[in-house]
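New to this one? Take a look at the model, and then we'll go through it piece by piece.

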Amino acid sequence: MNLDARIRTALTGICDVIVPQVYTGDAQEYIVFNHSEYPLVFTDNAPRVVGYSIQVHLFLPLKVNPNAKKESIKNALFSAGFSYPSIQDVTDDEGQHYVFETNYNEAI
């Protein structure tokens, strides 16, 4: 399973919309994710593991209580084998925005 599918599978049921990179639709509640990758565990001058730094962004309207969804995302990512995420609140006057930062390592 590729990383995008692994993220979507972990978060299914938390929001109806879960997409990579950018969401341009009309939903008020949605999740967007992005990641970068880097080589790890070198042998014979070649990487044997790929590490991923992942950001999962939860967007909600201002007056919605975010606690249940935030807890669900943390638990879903950790249960799916990602590192326990940190959360940053970057809410502004347009809406709530929470960034979950996590990692995942995969042997190649």
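What follows is a walk through the sheet, strand by strand, and then the helix beside it.

Keep in mind that you're looking at a predicted model. Its sheet is open and built from five strands, lined up in the order 1-2-3-5-4, with mixed pairing. At the edges you'll find strand 1 (18-20) and strand 4 (86-89), each of which pairs on one side only. On average, neighbouring strands here are turned by 30° against each other, if you ignore direction.

A bit of background helps at this point. Strands in a sheet pair up through backbone hydrogen bonds, and they can do so parallel or antiparallel.

Now for the pairs themselves. Strand 2 and strand 3 are antiparallel and share 13 bridges. One spot to look for is valine 32, whose bridge partner in strand 3 is histidine 57. These strands form a hairpin with two residues between them, and there aspartate 44 takes a positive phi near 50°.

Move along to strand 3 and strand 5, and you'll see another antiparallel pair, joined by 12 bridges. Here two tyrosines meet: tyrosine 52 has tyrosine 104, in strand 5, as its bridge partner. Strand 5 (residues 96-107) also runs antiparallel to strand 4, with four bridges joining them. Find glutamine 88, and its bridge partner in strand 5 is valine 99.

So much for the strands; on to the helix. Helix 1 (residues 3-11) packs on the sheet, where it touches strand 1, strand 2 (30-43), strand 3 (46-60) and strand 5. The direction of helix 1 makes about 130° with that of strand 2.

Terms used:
Residues numbered from 1 in each chain as written. Predicted model: local features only at pLDDT ≥ 70, side-chain atom pairs only at ≥ 80, totals over all residues. Heavy atoms only, no water. Pairing = 2+ DSSP bridges. Axes fitted to C-alpha atoms, helices over the stretch in contact; angles between N-to-C directions. Contact = heavy atoms within 4.5 Å.
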